[in-house]
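Me: I have a model open and would like to go through it with you. Could we begin with a single residue and widen the view from there?

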Amino acid sequence: MNMNMSIKKDITDVINYLSLKWKLNNLRPLESLFINNYVAIVYSEKYKTDVVLKILLANTHEPEALMLFNGNGCVRLFDYDSEVKGLLLEYIKPGISLKTLFPMDDNVAIEITAELIKKNACNNLLSKAIGFETVNQWLDLLYNFKSKKISSNLLKKAQQLSEKLLGLKQELYFLHGDLHHENILKSGNTWIVIDPKGVIGPLEYEIGRFIMNPIPDLLQQPDVKVIIKNRIDKFSKLFGFDKQHLVDWVFVQAVLSACWTEEGGSEVFFNYFIKFAETIENL
């Protein structure tokens, strides 16, 4: 567990508090997921089944996004304690991720993701999406971030493309905001999404994260450019999107992700996003 002693102590107190409050037992921590959150499978006396206990260790709008999606193609939120940032979530079985379809069944993964985007990206939720940031606000980082690693050419191109894309007349939606392979899990015979960030923006933005993933597997493929082009073609046909706009969005998101990871993330992920930006630029 990548936590210092004080955080461990605090987490133990929160676990004990929520276990009493929600009548939970048989705690089974998922230590592989201890990055920004504490996650464990627990048995719920109330629901008479296994559920997921998640304690947020970073600021996020995930609980509010889950409430808005309300189980529509998304993991269900049973309960939430805002004081200690504790979530009680549906336990997804078998829980395998969309990553298992890569690379052999990439077209199937595209179709699954497209259906989930259509189900989740609801513009009728905009009036209820109070307090969520917009894609425009996220992209402000491209102008304000003082990078020591990203080339000025990449940053400048991302700035220019973001201005062009945001200047287009387009409908806005409430989006998941981080819809990649490992945030899409199999539940019975269907697929649902987990870990929404929640952001308001054009539907094209939602597709970019999928196209960049899975990490690092995608860029390790000898035919990576063929895979990316096929994804652009498929999504363009499924949604009627302009292909060049999709390419531009993916490039902008790759550079934005590099900014995020340079600001406070893994060097491995930073290098991946830079390499991806260069790869799609060369398309």
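Reply: Certainly. This is a predicted model. Asparagine 70 has a relative accessibility of 66%, so it counts as exposed, the cut-off being over 50%.

Me: Where does asparagine 70 sit?

Reply: Asparagine 70 belongs to the loop between H2 and E4, and it comes just after H2.

Me: What is notable about the phi of asparagine 70?

Reply: Its phi is positive, about 55 degrees, although asparagine 70 is not a glycine.

Me: Which residue in strand E1 has a positive phi too?

Reply: That is asparagine 26, with phi near 55 degrees; it lies in E1, residues 24-29. Asparagine 26 has 48% relative accessibility and therefore counts as partly exposed.

Me: Back to H2. Is that helix enclosed or open, and why?

Reply: Helix H2, residues 62-69, is largely enclosed by the rest of the structure, because 6 of its 8 residues are buried. The buried ones are Glu62, Pro63, Ala65, Leu66, Leu68 and Phe69.

Me: What covers them?

Reply: The cover includes strands E3 (49-56), E4 (77-81), E5 (86-90) and E7 (172-175), along with helix H3 (106-120).

Me: Changing topic: which peptide bonds are cis?

Reply: The bond from lysine 93 to proline 94 is cis, with omega near 0 degrees. The bond joining phenylalanine 102 and proline 103 is also cis, with omega about 0 degrees.

Me: And where are those two prolines?

Reply: Proline 94 is in strand E6, residues 94-97, while proline 103 is in the loop between E6 and H3.

Me: Serine 44 next. Buried or exposed?

Reply: Serine 44 is buried, because its relative accessibility is 0%. It is found in strand E2, residues 37-44.

Me: What does its side chain reach?

Reply: The side chain of serine 44 reaches the backbone nitrogen of tyrosine 47 at 3.0 Å. Leaving aside neighbours within four places in sequence, serine 44 is in contact with Lys23, Leu24, Thr49 and Val51.

Me: Finally, the whole chain. How many helices and strands are there?

Reply: The protein chain has 10 helices and 10 strands. Its radius of gyration is 19 Å, close to the 19 Å that the globule rule gives for 283 residues, so the chain is as compact as a globular protein of that length.

Me: What about burial and charge?

Reply: Of the 283 residues, 50% count as buried. There are 32 positive and 34 negative side chains, and the centres of the two sets lie 2 Å apart.

Definitions and conventions: Residues numbered from 1 in each chain as written. Predicted model: local features only at pLDDT ≥ 70, side-chain atom pairs only at ≥ 80, totals over all residues. Heavy atoms only, no water. Helix = DSSP H or I, 4+ residues; strand = E, 2+ residues; numbered from the N terminus. Rg over C-alpha atoms; globule rule 2.2 N^0.38 Å. Buried < 20%, exposed > 50% of the residue type's maximum accessible area, 1.4 Å probe, protein only. Lys, Arg positive; Asp, Glu negative; His and termini not counted. Charge placed at Lys NZ, Arg CZ, Asp CG, Glu CD. Polar contact = N/O pair within 3.5 Å; in protein donor to acceptor, adjacent residues only side chain to side chain. Contact = heavy atoms within 4.5 Å.
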